[in-house]
Amino acid sequence: MAAPPVYTLIATDLDGTLLRGDDTVSDRSRAALARAARAGARHLVVTGRPAPRVRPLLDTLGGTGLAVCGQGAQVYDAGAGRLLWSVRLDRELAEVALGKIEAEVGQVYAAVDQDGVDGLTLIEPGYRMPHPTLPAVRVGRRDDLWCQPISKVLLRHPELSDDELASVARAAVGSLATVTMSGPGTVELQPCGVTKATGLALAAGHLGVRAEQALAFGDMPNDIPMFDWAAHGVAMAGAHPELKAVADEVTTSNEDDGVAVVLERLFPAG
């Protein structure tokens, strides 16, 4: 019988994947990641959250290595507290893209993640944060969103579903930006051509790890490029159908320690 593949890089999404609904990582998942680390595998967070919103979580995980943030637009060095790489979304292009989307579907509500390790999340009137536990600053008008360089724009529509809004946005925006859907109530515009795979490949190269050594976990369509890049993609039980369609396997839900279930099998005790 052939030996199971050895993965030296474990790339995990956060929301809906490694994190439970209360924004915590279970003891079982922590133990499974520690077991994989003892076997020589590195854990790399790959998330849509910007670096400032990831730092507290990395601290609780004891992470001092790299993290891919902002849908791949940022590679953050937790040990040094700095960005190794970042790509900004041109603010004029972002405004044009928003105008094109609103010409098709009427008013949308927008927010932005500012670039940098201390960047803020700004939300315009009417926008509701999909993750109420994450800090955000409400501004008085849309023009205030563009006061500093940004890494991405977050969109919500009062009536359209996420799938509907993402589909319209892709058609309207074209090459102005990359459109992703990363969770309930989270349709985003990011720099054209930038995906989770972009940041993951850069971080993996920095660590000296190849794609065929990578194991990836996710739950939403924004994880599809990461699955395409990695050797093995694992979707959570509650994952979006588009991600399940390209996954190599489906595990249990994030609430049922789906990441740990797979890692315990691939990295047995002893």
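This dialogue works through a sheet and a helix pair in a predicted model.

Reader: What should I keep in mind about the model before reading any feature?

Author: The model is predicted, so local features need pLDDT of at least 70 and side-chain atom pairs count only at pLDDT 80 or more, while totals for chains, interfaces and linings use all residues. Residues are numbered from 1 along each chain as its sequence is written, and side-chain values use heavy atoms, with hydrogens and water left out.

Reader: Which order do the strands of the open sheet follow?

Author: Strands of a sheet pair through backbone hydrogen bonds, either parallel or antiparallel. Here six strands (DSSP runs of E, at least two residues, numbered from the N terminus) form an open sheet in the order E8-E7-E6-E9-E11-E10, with mixed pairing (two strands pair if DSSP finds at least two bridges between them). Strands E8 (137-138) and E10 (178-183) each have a single partner strand, so one side of each is left without a neighbour in the sheet.

Reader: How many bridges join E6 to E9?

Author: Six bridges join E6 (residues 109-114) to E9 (residues 150-156), and the two strands run antiparallel; Asp113, for instance, has Lys152 in E9 as its bridge partner.

Reader: At what angle do helices H4 and H5 pack?

Author: Angles run from 0 to 180 degrees between N-to-C directions, with axes fitted to C-alpha atoms, for helices over the stretch in contact (heavy atoms within 4.5 Å). Helices (DSSP runs of H or I, at least four residues) H4 (residues 91-105) and H5 (residues 162-173) pack at about 120°, with their axes 9 Å apart. They are therefore oblique to each other, a class left over once angles under 35 degrees count as roughly parallel, over 145 as roughly antiparallel and 65 to 115 as roughly perpendicular. Among the residues making the contact are Ala97 and Ile101 of H4 and Leu165 and Val168 of H5.
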